[in-house]
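Here are my notes on the model, set out as numbered points. Please read them with the structure open.

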Amino acid sequence: MFLRAGRAALSPLVRSLQPSPVAAMSTGTFVVSQPLNYRGGARVEPADASGTEKAFEPATGRVIATFTSAFKYGVKLHGALPNLLEGCRIIRDREDEIAAVECINNGKSIFEARLDIDTSWQCLEYYAGLAASMAGEHIQLPGGSFGYTRREPLGVCVGIGAWNYPFQIASWKSAPALACGNAMVFKPSPFTPVSALLLAEIYTEAGVPPGLFNVVQGGAATGQFLCQHHDVAKVSFTGSVPTGMKIMEMSAKGIKPVTLELGGKSPLIIFSDCDMNNAVKGALMANFLTQGQVCCNGTRVFVQKEILDKFTEEVVKQTQRIKIGDPLLEDTRMGPLINRPHLERVLGFVKVAKDGAHCGPSYSGGFILMFAANCRDDMTCVKEEIFGPVMSILSFDTEAEVLERANDTTFGLAAGVFTRDIQRAHRVVAELQAGTCFINNYNVSPVELPFGGYKKSGFGRENGRVTIEYYSQLKTVCVEMGDVESAF
Ligand SMILES: NC(=O)c1ccc[n+]([C@@H]2O[C@H](COP(=O)([O-])OP(=O)(O)OC[C@H]3O[C@@H](n4cnc5c(N)ncnc54)[C@H](O)[C@@H]3O)[C@@H](O)[C@H]2O)c1
Ligand SMILES: O=CCc1c[nH]cn1
């Protein structure tokens, strides 16, 4: 995981986030010296600081920022719809810089980081469009009376993010929240505190009133403070199931609506009539983006027996070709895991898997990448979310059998099926207990489509038109056009 910083000597030290030309950023040089909390339209060093934390560059293990955890937030509700389209334009202009920051703080490849920034500005663009079309209903009642509904904001919404898609998660939560007229306080993961600040500054530059989007740094204690705060109307959380349970408990005490985007152990079903080339590409997409640290990954790859050997052989071949290394290099497709404790956790799964399955290729130089073939459903690597680049391959005989096995999990985030039989494809996805299903592809995320889970993978949705429902409330107005018919 800890990459030798071969390019560090080539570039000058970058001491500030803005405006920092991408060319000046390289592995082993980037440092953030500005405050990482954002209130009232500016970076601030909070007076209520509860302590400092450090953020690291996964590729080198270097400290890139020392920042202050905070508890207070400064939110102002304005009632004006912010100009998300201008925000979208600025993100597109600064895409390379934002992607480089994301790559350095998270470890994902620069190639992939750019894709994340694309899905971020697309989200702002999409909700900018929807904001103008948000409307209620007019309902005719007897005697000329009528009713209507108004879609109103909830108030102050809290967004709490995971470390795997820092900028994208902040965008996916804030864009619909702001489009619906809310204010947002966003708390990034303490592992990736940096890029949410770029989003905050972009909103300010785009004319979003000060106080409408704020960043509060910290870990569990700050998250708890925000969830329990009486001014907070809604919590949207992305993270693990255990933390999701705590968030839901806290929100229940305040009768606050929550959106929970949690973990998964999703099935990917490959039928023997698939297009083999696409199925193999799909399996790699389903497992190795962001070093496998993706909630909706299809980590249980069920392959129909007739094609198991051929499929496995192809997966091995293509997996061995994945370029692993310095995430800032253009041709790298896989960087380091987020930190050493996580690497060790993932390696723990690999060690256990090796006892029961045929595994390879394995790891070197701290980067890992592997598949486990001939897995069984009862193996730990098949049952638990690993959140690393580990694909488990299982074989199956029949459609009925694979459906039962695919659904035999408490998670329900995503699922995929590869087949040329279109009837079977739709029949199978109708039976899969998962909130997001893919047919003949995996891990594409068009912003127009709602994303979210079934079962313990959470509820509520991000993206798509439906997310408006999760960031607004409906007011019904009943209008009497005649006289009051009193019961008294
Ligand atoms: N469904 C999705 O969209 C999605 C997306 C990304 C990640 N995830 C999931 O997230 C997990 C990995 O992310 P992680 O390790 O950052 O998750 P995590 O649950 O440890 O932390 C997520 C966030 O919650 C905060 N937090 C921790 N304890 C808290 C508490 N008691 N109260 C309030 N906030 C608290 C953390 O500081 C962080 O910001 C995986 O399980 C992954 O599947 C899900
Ligand atoms: O990690 C899971 C998928 C995702 C990406 N951004 C938000 N959720």
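At what angle do helix H2 and helix H4 pack, and how far apart are their axes? The points below start there; note that this is a predicted model.

1. Helix H2 covers residues 95-106 and helix H4 covers residues 166-179; they pack at an angle of about 120°, and their axes are 9 Å apart. H2 is therefore oblique to H4, since angles of 65 to 115 degrees count as roughly perpendicular and those over 145 as roughly antiparallel.

2. On the H2 side, the contact uses Ile98, Glu102 and Asn106, and these meet Pro166, Phe167 and Gln168 of H4. By residue type, this contact of H2 with H4 consists of three nonpolar, two polar and one charged.

3. The domain assignment splits the chain into domain 1, residues 37-262, and domain 2, residues 267-447. Between the C-alpha centres of domain 1 and domain 2 the distance is 30 Å. Domain 1 contributes 26 residues to the contact, and domain 2 contributes 24 residues.

4. Interface size is often quoted as the accessible area that is lost when the parts come together. For domain 1 and domain 2 the buried area is about 2000 Å², with 64% of that area coming from carbon and sulfur atoms. One salt bridge is found across the interface of these two domains.

5. In the structure as a whole, the search gives 24 salt bridges. Glutamate 152 and lysine 475 form a salt bridge, with their closest N and O atoms 3.2 Å apart. This pair joins distant parts of the chain: glutamate 152 belongs to strand S6 (residues 146-153) and lysine 475 to strand S22 (residues 472-479), with the two positions 323 residues apart in numbering.

6. Arginine 114 and glutamate 330 also meet through their side chains in a salt bridge, with an N to O distance of 2.7 Å.

Definitions and conventions. Residues are numbered from 1 along each chain as its sequence is written. Chains are lettered from A and ligands numbered from 1 in the order in which they are written. This is a predicted model: local features need pLDDT of at least 70, side-chain atom pairs count only at pLDDT 80 or more; totals for chains, interfaces and linings use all residues. Side-chain values use heavy atoms; hydrogens and water are left out. Axes are lines fitted to C-alpha atoms, for helices over the stretch in contact, and angles run from 0 to 180 degrees between N-to-C directions. Helices (H or I, at least four residues) and strands (E, at least two) are DSSP runs, numbered from the N terminus. Angles under 35 degrees count as roughly parallel, over 145 as roughly antiparallel, 65 to 115 as roughly perpendicular and the rest as oblique. Contact means heavy atoms within 4.5 Å. Ala, Val, Leu, Ile, Met, Phe, Trp, Tyr, Cys and Pro count as nonpolar, Asp, Glu, Lys and Arg as charged, and the others, Gly among them, as polar. Domain bounds come from an automatic or database domain assignment. Buried area is the accessible area (1.4 Å probe) that two parts lose on being put together, summed over both. A salt bridge is a side-chain nitrogen of Lys or Arg within 4 Å of a carboxyl oxygen of Asp or Glu.
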